[in-house]
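Open the model in a viewer and keep the sequence panel visible. The stops below say what to select next and what is there.

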Amino acid sequence: RVARQAAPANRESWSSRVGDFSKARKSLERKPLSIERTKGSEILFGIAPCSLALSQSRRDLFRLFLKQSSGSRRLVMSEFVLQATARGVPVHHVKRRELDALCRGQVHQGVCLEATPLRFKSLEEAEKPDLGDEESPNRQLIWLVLEQIQDPMNLGALLRSAYFLGVDRVVTSQRNSCPLTPTVSKASSGAMEVFDVYSTDDLRSFLKAKSAEGWEVVGTVSKPEDVENVPVISCLEFQWNKPVIIVIGSEGDGLSVETQLLCHRMLAIPPGRVLHPGIESLNVSVATGILLHSICSQKLRHSD
């Protein structure tokens, strides 16, 4: 009788051990493989950033990681293999969870690339005389200057718009600004991989120097009533008749007062309706896209 009573307890104990083993095995299966990174490298992610980084010679490239059995994207992945082979970059086919771990859960589209980071260029490099006839009086030049843009998604979107709309150069302040990270490259849809971005540790001296050279320095503002001592006009009224610098301020605070006072004029975007309090401004990258299009479309009209 005693043995019969003990049997259920033994079965229960055995069943518990089997359950624990099964859980441990599943946990092991879920755990991503550990991929040791090359010192000083970062992980680019997404089809456009990785493809453009492979096609350019601006980064040192270490390894390309592609999702196994990519299905409908098999042709795209084959192109990646060809690109990587041409550059001598080893290709690793891994599971999705390995890619998720590599880029910390970002949207990788089945592709990650281990590479050295991109750095800002110095303004000394920008001044090298390799611009051909860009500096001729009839050439319409437009530079975009960014003061303390900290959000990588906004910085990426700004670079994408600047590249698309024909901005000649982007300069950012070193202080309190976002570095050129893989997230910025993804948000720029890879524009960061082909478009140089410059940096200065003395934004005000830079703006004063360009103003002395005959450039027009134009700031941006969402609420015209907040600006004192600098004329504010609608972006629709702006006439582009000399090299121009468009200065964009940070997401929350806009341009600093010191920078505003270095601007010849401030541009505002007229709203299409009476705005409800609290919804009175645009995202900085959207506003910049509108302003740049308003100005750059004049270049297109003049070149016809």
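The tour goes from the pocket to the salt bridges, the aromatic rings, the cysteines and a few single residues.

This is a predicted model, in which local features need pLDDT of at least 70 and side-chain atom pairs count only at pLDDT 80 or more, while totals for chains, interfaces and linings use all residues. Residues are numbered from 1 along each chain as its sequence is written, and side-chain values use heavy atoms, with hydrogens and water left out.

**Stop 1: the largest pocket**

Select V221, S222, K223, S281 and L282. Of the 33 lining residues of the largest pocket, these are the closest to its centre. The volume of this pocket is about 800 Å³. On a 1 Å grid over the protein atoms alone, a pocket is an open set of points where a 1.4 Å probe fits, with protein on both sides within 12 Å along at least five of seven lines; lining residues have an atom within 4 Å of a point. Grid points are joined across faces, edges and corners, and the volume is the space filled by probe spheres set on the points.

Next, colour strand 12 (265–268) and helix 10 (284–303), each of which supplies at least two residues of the lining. Helix 10 gives the most, with four residues. Helices (H or I, at least four residues) and strands (E, at least two) are DSSP runs, numbered from the N terminus. Colour the lining by class to see 16 nonpolar, 11 polar and six charged residues. Nonpolar here covers Ala, Val, Leu, Ile, Met, Phe, Trp, Tyr, Cys and Pro; charged covers Asp, Glu, Lys and Arg; the others, Gly among them, are polar.

**Stop 2: salt bridges**

The whole structure has 11 salt bridges, each a side-chain nitrogen of Lys or Arg within 4 Å of a carboxyl oxygen of Asp or Glu. Burial is quoted for several partners: buried means under 20% relative accessible area, exposed over 50%, and partly exposed in between (1.4 Å probe, protein chains only).

Start in helix 4 by selecting R96 and D100, which form a salt bridge with their closest N and O atoms 3.9 Å apart. The two are four residues apart in helix 4 (residues 96–102), so about one helical turn separates them. R96 is exposed at 51%, and D100 is partly exposed at 27%.

Add R97 and E98, another salt bridge, with 3.6 Å between the closest N and O atoms. R97 is partly exposed at 28%, whereas E98 is buried at 3%.

Move to E216 and R265, whose side chains meet in a salt bridge of 2.9 Å, N to O. E216 lies in strand 9 (residues 216–220) and R265 in strand 12, so this pair ties together parts 49 residues apart in sequence. E216 is buried at 7% relative accessible area, and R265 is partly exposed at 22%. To see a network, select E42, R59 and E193, which are joined by salt bridges that share partners.

**Stop 3: aromatic rings**

How many aromatic pairs does the structure hold? There are three. Rings of Phe, Tyr and Trp (its six-membered ring) pair if their centres lie within 6.5 Å; planes under 30 degrees apart count as stacked, over 60 as edge-to-face and the rest as tilted. Select W143 and W215, a tilted pair with 4.8 Å between centres and 55° between planes. W143 is in strand 6 and W215 in the loop between helix 8 (203–212) and strand 9, and the pair links parts of the chain 72 residues apart. Both tryptophans, W143 and W215, are buried. Add F206 to the selection: ring pairs link W143, F206 and W215 into a cluster.

**Stop 4: cysteines**

Select C178, buried at 6%, and C263, buried at 7%. A search of the whole structure finds zero disulfides, a disulfide being a pair of cysteine sulfur atoms within 2.5 Å.

**Stop 5: backbone and a long-range contact**

Most residues other than glycine have a negative phi. Q148, not a glycine, has a positive phi of about 55° and sits in the loop between strand 6 (142–146) and helix 6 (152–165). S189 also has a positive phi, near 55°. S189 is in the loop between helix 7 (182–187) and strand 8 (197–200), and is partly exposed at 30%.

Finish at S122 in strand 5 (residues 121–122), which is partly exposed at 26%. Show the C-alpha distance from S122 to V197: 8.8 Å in space, with their positions 75 residues apart in sequence.
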